[in-house]
Amino acid sequence: MTDPVLSSLLKINRQRMRILRHTVLTPNGYVGVMHLIVLYIGRHPGASQEDVVSFFALDKASVARSARRLEDLGHIRRAPDPENRRQYQLYLTPAGEEMLAVLDQATQRFQRQLSAGVSPEDWRTLAGLLQQLEENSRKPPDFN
């Protein structure tokens, strides 16, 4: 049996990604996880590819390919990490900053659509419940 809460959350995220892909990602040449890298380093300048892999639980190779593609598009720059020459620190370029703003605007539009008819109090309650679910998901599973 499928849990209706988890099913709803997955449906909402699929719809969000469908809209984002159609309106923002594809027209800007973004594929795969490129938008996740921009979002992450926009909030964590100087983060490594490994940081992105770890945060989103992504494949190292896909993050490396996407980072190279973002660099080719001129949206990020990679600088060798002075403490670990095998890693790169990632930074947004001005074009990457513009793309981050576009991604943020698209997310805000979707959030307004999603929250239509929901009171601010109910939205805060939902946010608290989702935060608790997220925290619970980080705990080791108990299969007993």
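The following exercises, each with a worked solution, concern helix packing and salt bridges in a predicted model.

**Exercise 1.** Determine how helix H1 and helix H5 are oriented towards each other, and which residues make their contact.

*Solution.*
Step 1. Two packed helices are described by the angle between their axes and the distance between the axes.
Step 2. For H1 (residues 4–25) and H5 (residues 94–115), the angle is about 135 degrees and the axes lie 11 Å apart.
Step 3. Angles over 145 degrees count as roughly antiparallel and those from 65 to 115 as roughly perpendicular; H1 and H5 are therefore oblique to each other.
Step 4. The crossing of H1 past H5 is right-handed.
Step 5. On the H1 side, the contact is made by Ile12, Gln15, Arg16, Ile19, Leu20, Val24 and Leu25. H5 contributes Met99, Val102, Leu103, Ala106, Phe110, Gln113 and Leu114.
Step 6. Sorted by class, the contact of H1 with H5 has 11 nonpolar residues, two polar residues and one charged residue.

**Exercise 2.** Establish which parts of the chain the salt bridge between Arg43 and Asp104 ties together, and classify the exposure of both residues.

*Solution.*
Step 1. The closest N and O atoms of Arg43 and Asp104 are 2.7 Å apart; the cut-off for a salt bridge is 4 Å.
Step 2. Arg43 belongs to helix H2 (residues 34–43) and Asp104 to helix H5, so the pair ties together parts that are 61 residues apart in sequence.
Step 3. Buried means under 20% relative accessible area and exposed over 50%. Arg43, with 47%, is therefore partly exposed, and Asp104, with 23%, is likewise partly exposed.

**Exercise 3.** Locate the salt bridge of Lys60 with Glu50 and state the exposure of each partner.

*Solution.*
Step 1. The closest N and O atoms of Lys60 and Glu50 are 3.6 Å apart.
Step 2. Lys60 lies in helix H4 (residues 60–73) and Glu50 in helix H3 (residues 49–56), with their positions 10 residues apart in the count along the chain.
Step 3. Lys60 counts as exposed, at 54% relative accessibility, whereas Glu50 is partly exposed, at 33%.

**Exercise 4.** State how many salt bridges the model contains, and assess the exposure of the pair Glu134 and Arg138.

*Solution.*
Step 1. The count comes to four salt bridges.
Step 2. One of them joins the side chains of Glu134 and Arg138, with an N to O distance of 2.6 Å.
Step 3. Glu134 has a relative accessible area of 43% and is partly exposed; Arg138, at 58%, is exposed.

Definitions and conventions:
Residues numbered from 1 in each chain as written. Predicted model: local features only at pLDDT ≥ 70, side-chain atom pairs only at ≥ 80, totals over all residues. Heavy atoms only, no water. Axes fitted to C-alpha atoms, helices over the stretch in contact; angles between N-to-C directions. Helix = DSSP H or I, 4+ residues; strand = E, 2+ residues; numbered from the N terminus. Parallel < 35°, antiparallel > 145°, perpendicular 65-115°, else oblique. Left-handed = near helix turned anticlockwise from the far one by under 90°. Contact = heavy atoms within 4.5 Å. Nonpolar A, V, L, I, M, F, W, Y, C, P; charged D, E, K, R; others polar. Buried < 20%, exposed > 50% of the residue type's maximum accessible area, 1.4 Å probe, protein only.
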